[in-house]
Amino acid sequence: MKIINVVGARPNFIKIAPLVEEMKKFPHIEQLLVHTEQHYDKNMSKLFFEDLGIPAPDISLGVGSASHATQTAKIMMEFEKVLLKEKPDLTLVVGDVNSTIACALTSVKLNIPVAHVEAGLRSFDRTMPEEINRILTDAISDYLFITERDAEINLLKEGIDKNKIFFVGNVMIDTLLKNMEKANKSNVLPSLGLTKSGYAVLTLHRPSNVDNVKVFTQILEALEEIKKKIRIVYPVHPRTKKMIDEFSLDKNFAFLKPHRNIGDKNDFIMIDALGYLDFLHLTANAKFVLTDSGGIQEETTILKIPCITLRDNTERLITVTQGTNVITGTNTQNIINGAKDIILGKAKKNNVPEFWDGKAAKRIVEILLMKDLKKNE
Ligand code: UD1
């Protein structure tokens, strides 16, 4: 069975790592790794391959950044050439980025079946590019691997055949559990002058938050208050860096001035994006996390670190119902109140969601092998 595994953007690398490793165990599987290079900076890509021990991509498409339509179209054009040459039995895509939908769509148009890992999550907010990518990818996939049981309800409502849906758990958590020990060796805390639980971590990159000056300002006003109580560490995403410059936000928020950070008594430490292991160690030792990322809501649930989500909704509802996640939206006072609650010791308690046990990749590969056997009977 020949499988093409697709990655493109930072969260994809974390999800593909355990699948590549699991597939290696089966000589019957021939796997090729295709990197669209939607993300290409060293800190956004190569560092993750190194940290996670992912083999170098077999094929890189060199697509890079562009508008949604241009980026998606370019990926499709390049990926089509790969499919025509390699003729795989299956394309496997993960997550909800533009590379996910672009490669899924290219495959089905050539009658090549698609497996979607992390299917069925819904924020019900169609202004998010990721929500469109999720709905469309799920609609055309042949195998929908879900991380939580509610995802099945979402998919059934959209008319997806129940027989295509498989509850397997969460590959992102496979990677987290496997790398905890390694991450403990990171020296990111001393290098930034931090001590356990003495700081909060911030991640911020959603277009709805950072491309909109009003919303971005509301969030920064909250951070200005929170940093009076606890130091904030911010590994900055390239999109956000660009928008800080474009809106000249460092004029009103001096704490955003570049390189005014490490080693001194600063209450807002802005650093370049970190690799997987350093970021995991930073998160695992934080007092709490403020984020608009999807994956980090899941990681904090497993790490038992309180998470404040700077969005009005989440597609990962289980992190709220069972995990440490609180959705504050982007209202300044709501964010401050969320942080205050945690600082005052009123953080939520959490459960470990079902099947978030480090064995999701194993379940996925087992199912793919079983289906392949049946096909050849
Ligand atoms: C993408 C995903 C988002 C995911 C995020 C994780 C889509 C629609 N969005 O958002 O779901 O949460 O990745 O990081 O697929 N840039 C660089 N270097 C890079 C990559 C990007 O400088 O290596 C800059 C470019 O200016 C680019 C901008 O960041 O225009 C945005 O990159 P893009 O991949 O379009 O979207 P993200 O915001 O990273």
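**A tour of the ligand site and the two largest pockets**

Select Tyr40 and the ligand: a polar backbone atom of Tyr40 lies 2.9 Å from an oxygen atom of the ligand, a polar contact being a pair of N or O atoms within 3.5 Å, where pairs within protein also need one atom able to donate a hydrogen and the other to accept it, and residues adjacent in sequence count only if both atoms are side-chain atoms. The model is predicted, so local features need pLDDT of at least 70 and side-chain atom pairs count only at pLDDT 80 or more, while totals for chains, interfaces and linings use all residues. Residues are numbered from 1 along each chain as its sequence is written, and side-chain values use heavy atoms, with hydrogens and water left out.

Next, add the side chains of two histidines: an N or O atom of His39 is 2.8 Å from a ligand oxygen, and one of His205 is 2.9 Å from a ligand oxygen. The ligand taken alone exposes 750 Å², of which the protein buries 89% (accessible areas by the Shrake-Rupley method with a 1.4 Å probe).

Now show the shell of 19 residues around the ligand, in which Gln38, His39, Asn98, Glu130 and Arg239 come nearest; a residue belongs here if one of its heavy atoms lies within 4 Å. Colouring by class gives six nonpolar, seven polar and six charged residues. Helix 11 supplies the largest share of this shell, three residues (helices are DSSP runs of H or I with at least four residues, strands runs of E with at least two, numbered from the N terminus).

Widen the view to the largest pocket, where the ligand sits, meaning that more than half of its atoms lie within 2 Å of the grid points. A pocket is an open set of points on a 1 Å grid over the protein atoms alone, with protein on both sides within 12 Å along at least five of seven lines, and its lining residues have an atom within 4 Å of a point. The volume here is about 1,200 Å³, and of the 50 lining residues Ala9, His39, Met44, His205 and His237 lie nearest the centre.

Finally, move to the second largest pocket, with a volume of about 310 Å³. Among its 20 lining residues, Ala17, Pro18, Glu21, Glu22 and Lys178 are the closest to the centre. Helix 1 gives the most to this lining, with six residues, and the lining as a whole has seven nonpolar, four polar and nine charged residues.

Methods. 1 Å grid on protein atoms, 1.4 Å probe; cavity = no way out; pocket = protein on both sides within 12 Å on 5 of 7 lines; lining within 4 Å. Nonpolar A, V, L, I, M, F, W, Y, C, P; charged D, E, K, R; others polar. Points joined across faces, edges and corners; volume = space filled by probe spheres on them.
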